Amino acid sequence: MLASQKLENSRPRRSNIVWRVDEDTEIVEESPPATPKEPSKPVEKPPARPAAISPDKVQFRWKIVVCGPGGVGKSTLLHRYFYRQFLPDMIMTIGVSHMSHIIERNGKVINLIIWDLSGQKRFEVLHPAYVGDATGAFVVFDISAPETLEEVNRWVELIRKFNPNNKALPIILVGTKVDLVSDQAYLDSIYKRIEEVMADLELQYICVTSSKTNYNVDETINFLIDYILWQQNLK
Ligand SMILES: Nc1nc2c(ncn2[C@@H]2O[C@H](COP(=O)(O)OP(=O)(O)OP(=O)(O)O)[C@@H](O)[C@H]2O)c(=O)[nH]1
Ligand SMILES: [Mg+2]
């Protein structure tokens, strides 16, 4: 069993996450837009970010692992969040990409050390070296490519295997590229399958995103940050 049921009353709230699946509650579903509500925006100028925070202000350092099959949009999601920009021709990650960002959230200054793993099969041998000592993880699949959902078990198992002492490690499932899906029957069928996969893997949280339309990107990353803050009694 993952993060326990006592989280229910005090866990951070999400306003715009498409699904929440808890062990002891019914699925709460807010339908994602079948077609994006907003027309595609022109690429925004990077970076619309606050001034850099000095490293000497850092209070916490967390390792966040981002993994999932190749081409599902992991690096694009991170780029959208940190640089406010959609890259339509993102180049695949070679092996693993490491980044460090200092953010302020809830009055806490946090250094996020992010390991963005390539999902390409030929880099599989590297993965075990990079998933240990995680504070939180995203396991990402492409909601428009159902075969990628069938691979998430491998990633969830890998993360758990190499973090044996952290039974409450938050693992958030992320379904990307929802802008590519407009068929309601397809959405219904993939949501049903997502529900089954989550039950099998005892996952509690899913976020559906589009880096292209900027749908749920900030909410998804901030959710994990808020969750960890809450988990560590910092919120
Ligand atoms: N339409 C659409 N395309 C996306 C979205 N997110 C990513 N893409 C595209 O999908 C392709 C692959 O994205 P990446 O971010 O490189 O995928 P990745 O998961 O990091 O892939 P690997 O590094 O090979 O593991 C790129 O061409 C992106 O522009 C999205 O939300 N919508
Ligand atoms: Mg990548």
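**Entry 1: C67 and its strand**

I looked up C67 and found its place in strand 3, which covers residues 60-67. I note at the outset that I am reading a predicted model, and I word these entries accordingly. Is C67 buried or exposed? I record C67 as buried, because 27 other C-beta atoms lie within 10 Å and the cut-off for a buried residue is 20 or more. Leaving out residues up to four places away in sequence, I listed the contacts of C67 as L117, G119, V139 and W155.

**Entry 2: from strand 3 to strand 6**

Which residue of strand 6 is the bridge partner of C67? I found V139 in that position, and V139 is also in the contact list of C67. I then checked the strands themselves, and strand 3 pairs with strand 6 in the parallel sense over 4 bridges. I also noted the separation between the C-alpha atoms of C67 and F141, which is 8.9 Å, although these positions lie 74 residues apart along the chain as a sequence distance.

**Entry 3: strand 6 and its faces**

I turned to strand 6, residues 136-142, and counted 7 of its 7 residues as buried. In a regular strand the side chains alternate between the two faces of the sheet. I therefore sorted the residues by side, with G136, F138, V140 and D142 on one and A137, V139 and F141 on the other, and both faces are covered. On following the pairing further, I found strand 6 joined to strand 7, residues 171-176, by 6 bridges, with the two strands running parallel. In that pairing A137 stands opposite I171 of strand 7.

**Entry 4: the nonpolar core**

I looked up the largest nonpolar core, which has 48 residues, and wrote down V65, V66, V139, I159 and I172 as those with the most contacts inside it. Helix 6, residues 217-231, gives the largest share of this core with 7 residues. I followed V66 separately and, again without residues up to four places away in sequence, found that it touches K74, L78, I114, W115, D116, L117, F138 and V140. Of these contacts, F138 and V140 belong to one side of strand 6.

**Entry 5: around ligand 1**

Which residues come nearest to ligand 1? I noted G73, T76, M92, T93 and G119, out of 23 residues around the ligand, and G119 is one of the residues that C67 touches. By class, I entered the shell as 6 nonpolar, 12 polar and 5 charged residues. Its largest share, 3 residues, comes from helix 1, residues 74-83.

Note on methods. Residues numbered from 1 in each chain as written. Chains lettered and ligands numbered in written order. Predicted model: local features only at pLDDT ≥ 70, side-chain atom pairs only at ≥ 80, totals over all residues. Core = buried A, V, L, I, M, F, W, Y, C linked by C-beta atoms within 7 Å. Buried ≥ 20, exposed ≤ 12 C-beta atoms within 10 Å, placed from the backbone. Contact = placed C-beta atoms within 7 Å. Pairing = 2+ DSSP bridges. Near = placed C-beta within 6 Å. Nonpolar A, V, L, I, M, F, W, Y, C, P; charged D, E, K, R; others polar.
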